[in-house]
Amino acid sequence: MNLRPASPRLRRLLPLAVAVAIGAGAGAGAYALTSTGSGTPTTSNVVVPAQPASSTSTVDSLTELYKQDAPGVVDITVQSSSARGSSGGFPFGTPGGPQKQEAEGTGFEIDTKGDILTAEHVVDGADSIKVQFQDGSTAKATLVGSDKTTDTAVIHVDVSASQLHPLTLGNSAAVQPGQSVVAIGSPFGLAETMTAGIVSATSRTITAPNQFSITGAIQTDAAINHGNSGGPLIDAATNTVIGINDQIESDTSDNAGVGFAVPIDSAKSVAQTLIAGGTVRHAYLGIRIADVSAGARVTQVVAGSPAAKAGLKVGDVITTFDGKPVTSADVLTAAVSNAKSGQTVTITIRRGGATKHLTATLGVQPSSPSS
């Protein structure tokens, strides 16, 4: 499986040989040079004619949703002098001198105090962050805090409350396949772009920037491309945010109809902690696992981890965690993610034909799985 962050879209700042105006709406970008997956600049753009609307009522409802929510979605531009590991990047600057990079992503307002939710990998390593609002105005932003494990970050702008249009955060636990959704963001620098689709699946597991797992991810066929990361995935029926657009699966680095959003329930909890000035801590067991029939098989135990101290061994098959059945590796990963560091749990295992019950006290997740 080839999972790629959906953004940020990285741009090489070069002299413009040909000016290409894209769109006439507020906040629309203008580019002459973009980058292909191979890093080769190109000036070609392919425009696919829009398909006819399926019904007037659908068009009307999505139009109203866009009018209500687009003002609360912002374009984020980040400048960094350090390498942006997972995203690659295009350096610019004086040869032999300091190299800088510029990246673009999306965020959305969550209150009238100036707090904006986005993806951690959009602002990772940023030296400066600039936000552009729908009306074209801009503001400098500061990083409130971030969490690599959920790929969530909060940035802050000092602007008038009247300029802010916070989106309503929903409940991702209740999301079901088939629900109509929209994504609003800045794919390929085209700010305030809305795409529509459905929830294709729920309870997906994707990889976080620190290589831990993000459980409960929402899969959607709404078009998500580079620049969409950090933007909202919105339930069209309730007009509430159910996820933060984060990754795509593609062989071409562009949309193939398989996108993933971090569940908003996880992001909400992280955002509340960060805004309050707290430190985000995640529970940690310290094992690698694989699917087996009716359980999760332990393939590695990290030395000195809570799992090692509890007596877990390679080859053990975990069948229950904290009294709840474990039917797959994903189920166990989600159970640990939903637990708290310091919590004591009972783990039931199968080992050599015998059933055993172990007790583990969960630790605090380190910076990476190998730590």
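This report walks through a few strands, a loop glycine, a threonine and the nonpolar cores of a predicted model.

## The β18–β19–β20 stretch

Let's start with the strand pairing. Strand β18 covers residues 287-292 and strand β19 covers residues 295-301; the two run antiparallel and are joined by six bridges. If you want a register check, R288 has Q300 in β19 as its bridge partner. The connection is a hairpin with two residues between the strands, and A294 in that turn has a positive phi of about 55°.

On to the next partner: β19 is also joined to strand β20 (residues 317-321), again antiparallel, through two bridges. Here A296 finds its bridge partner in β20, namely I318.

## G304, out in a loop

G304 sits in the loop between β19 and α4, the latter being residues 306-310. Is G304 buried or exposed? Its relative accessible area is 54%, so G304 counts as exposed, given that the cut-off for exposed is over 50%. As for spacing, the C-alpha atom of G304 is 8.6 Å from that of G286, with the two glycines 18 residues apart along the chain.

## T118, tucked away in β7

T118 belongs to strand β7, which spans residues 115-118. T118 has a relative accessible area of 0%, so this residue is buried, the cut-off being under 20%.

What does the T118 side chain have for polar company? A polar atom of that side chain lies 2.7 Å from the backbone oxygen of T106. T106 also turns up among the residues that T118 touches, leaving out those up to four places away in sequence; the others are I76, G107, V123, D151, T152, A153, S229, G230 and I244.

## The nonpolar cores

The largest nonpolar core has 24 residues, and the ones with the most contacts inside it are F108, L117, L167, I234, V241, I244 and I264. At least two residues of this core come from each of α1 (56-69), β11 (180-185), β13 (213-220), β15 (240-249), β16 (259-263) and α3 (264-275). The largest share, five residues, is supplied by α3.

I264 is worth a look in the viewer. Skipping residues up to four places away in sequence, I264 touches F108, L117, L169, G170, N171, S172, V241, I242, G243 and I244. Apart from this core lies another one of 19 residues, including A283, L332, I349 and A360.

Terms used:
Residues are numbered from 1 along each chain as its sequence is written. This is a predicted model: local features need pLDDT of at least 70, side-chain atom pairs count only at pLDDT 80 or more; totals for chains, interfaces and linings use all residues. Side-chain values use heavy atoms; hydrogens and water are left out. Two strands pair if DSSP finds at least two bridges between them. Helices (H or I, at least four residues) and strands (E, at least two) are DSSP runs, numbered from the N terminus. Buried means under 20% relative accessible area, exposed over 50%, partly exposed in between (1.4 Å probe, protein chains only). A polar contact is a pair of N or O atoms within 3.5 Å; within protein, one must be able to donate a hydrogen and the other to accept it, and residues adjacent in sequence count only if both atoms are side-chain atoms. Contact means heavy atoms within 4.5 Å. A nonpolar core is a set of buried Ala, Val, Leu, Ile, Met, Phe, Trp, Tyr and Cys residues joined through side-chain atoms within 4.5 Å.
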